[in-house]
Amino acid sequence: MATTFANKKTAETAPAAAGPLPISQDAPRRRRRPVVVGAGLALAAVGALLAVWQVDEAGNRVPVIALAHDVKAGETVKKTDLVVAQVAPDAALAPVPVSRSSDIVGKTAAADLPKGSLVTDASVHEGTPVAKGRDTVGILAKPGQLPAQRLRTGDEVTLVHTPQDDAQAAKSGSQKAPDSISAVVVGLSSPDANGAVVVDVAVAGTDSPPLATWTARGAVTIVLKAAS
């Protein structure tokens, strides 16, 4: 009973609970940090400079010549083969400016010129198409049947007939000078896994039948003629 009375007395003498705290109408103010403000201004300045630089670079682009579509090696480059491209000046590139398009039109493609590639002075050469008035024969040449030096379109070559029975003729002493045909390279494929390439050559119409026979038998060797 003593304990109960004491608790009752304490409850009677306890002060009334405090009411809700008043809400201030003044929100706390955030302090500005000078470092953050400075960094933001610096980033804005860099962005503005980049934008100005990009606009300036775009304005410095120059019109040059590119290929509107594929042009095969040996073909004559026509005006309709060309298109205008805008590029930024670069010392590593040597595109032909549009103002010199007349120097390109009418010349012969020195190699296969794919669509979208830039035209350079090395893309064409003087003279009539090497295959004009000639037959084109494709030769599957394995390593040992052509020079290790990479052939190029326009190279003058000698195609030597190398039949397998020549070894027997050499033993008997009846071997004669091999037959040969003069030709001009008009196209090259990329080497396959064994290093073999297909070499397109232009030859006279009278030479194409025997050359096709030599090629079918794998009995032809390509010799690159010495430069005159």
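Which residue's side chain does the side chain of Arg100 meet in a salt bridge of 2.9 Å, N to O? The partner is Asp103, and we will come back to that pair after a walk through the fold. Please keep in mind that this is a predicted model.

## The chain at a glance

The protein chain has 228 residues, and 25% of them count as buried. Its secondary structure comes to 4 helices and 9 strands. Reading from the N terminus, the elements follow the order α-α-β-β-β-β-β-β-α-β-β-α-β.

Take the contacts between residues at least 6 apart in sequence: 69% of these join residues at least 24 apart. The chain exposes about 16000 Å², with carbon and sulfur atoms supplying 58% of that area.

## A five-stranded sheet

Let us turn to the strands. Five of them form an open sheet in the order β5-β8-β7-β6-β9, with antiparallel pairing. The edges are taken by β5 and β9, each with a single partner strand, so one side of each has no neighbour in the sheet. On average, and ignoring direction, neighbouring strands of this sheet are turned by 45 degrees against each other.

The pairings can be followed strand by strand. β5 and β8 are joined by 7 bridges, and here Gly138 stands opposite Asp200 in β8. Another 4 bridges join β7 to β8, where Val185 faces Val201 of β8 as its opposite residue. Between β6 and β7 there are 5 bridges, and Val160 stands opposite Ser180 in β7. Helix α4 packs on the sheet and touches β5, β6, β7, β8 and β9; its direction makes about 15 degrees with that of β5.

## The nonpolar cores

In soluble globular proteins, nonpolar side chains tend to be buried together. In this model, the largest nonpolar core has 18 residues, and those touching the most other members are Val157, Leu159, Val199, Val201, Val203, Leu211 and Ile222. Two or more residues each come from β5 (135-141), β6 (156-161), β7 (180-188), β8 (197-203), α4 (208-216) and β9 (220-224). The largest share, 4 residues, is given by β8. In β8, 5 of the 7 residues are buried, so this strand is largely enclosed by the rest of the structure.

Leu159 is a good residue to click on. Beyond its neighbours within four places in sequence, Leu159 is in contact with a list of residues that includes Ile139, Ala183, Val201, Val203, Leu211, Trp214 and Ile222. There is also a second, separate core of 11 residues, with Leu67, Val96, Ile104 and Ala109 among them.

## Around Val77

Where does Val77 sit? Its place is in the loop between β1 (62-67) and β2. Although it is a loop residue, Val77 counts as buried, at 2% relative accessibility. Leaving aside neighbours within four places in sequence, Val77 is in contact with Leu82, Ile104, Val105, Gly106, Lys107, Ala109 and Val124. The C-alpha atoms of Val77 and Ser123 are separated by 9.9 Å, while the two residues are 46 apart along the chain.

## Salt bridges

Side chains of opposite charge can pair when their charged atoms come close. The structure holds 3 salt bridges. One of them joins the side chains of Lys78 and Asp81, at 3.7 Å from N to O. Lys78 is partly exposed, with a relative accessible area of 46%, whereas Asp81 is buried at 4%.

Now back to the opening pair. Besides its 2.9 Å bridge to Asp103, Arg100 meets Asp121 in a salt bridge of 2.8 Å, N to O. Arg100 lies in the loop between β2 (82-87) and β3 (108-109), and Asp121 in the loop between β3 and β4 (124-125), so this pair ties together parts that are 21 residues apart in sequence. Arg100, Asp103 and Asp121 are thus linked in a network of salt bridges. Each of the three counts as partly exposed: Arg100 at 29% relative accessibility, Asp103 at 33% and Asp121 at 45%.

Notes
Residues are numbered from 1 along each chain as its sequence is written. This is a predicted model: local features need pLDDT of at least 70, side-chain atom pairs count only at pLDDT 80 or more; totals for chains, interfaces and linings use all residues. Side-chain values use heavy atoms; hydrogens and water are left out. A nonpolar core is a set of buried Ala, Val, Leu, Ile, Met, Phe, Trp, Tyr and Cys residues joined through side-chain atoms within 4.5 Å. Buried means under 20% relative accessible area, exposed over 50%, partly exposed in between (1.4 Å probe, protein chains only). Contact means heavy atoms within 4.5 Å. A salt bridge is a side-chain nitrogen of Lys or Arg within 4 Å of a carboxyl oxygen of Asp or Glu. Two strands pair if DSSP finds at least two bridges between them. Accessible areas come from the Shrake-Rupley method with a 1.4 Å probe; for residues, only the protein chains shown count as cover. Axes are lines fitted to C-alpha atoms, for helices over the stretch in contact, and angles run from 0 to 180 degrees between N-to-C directions.
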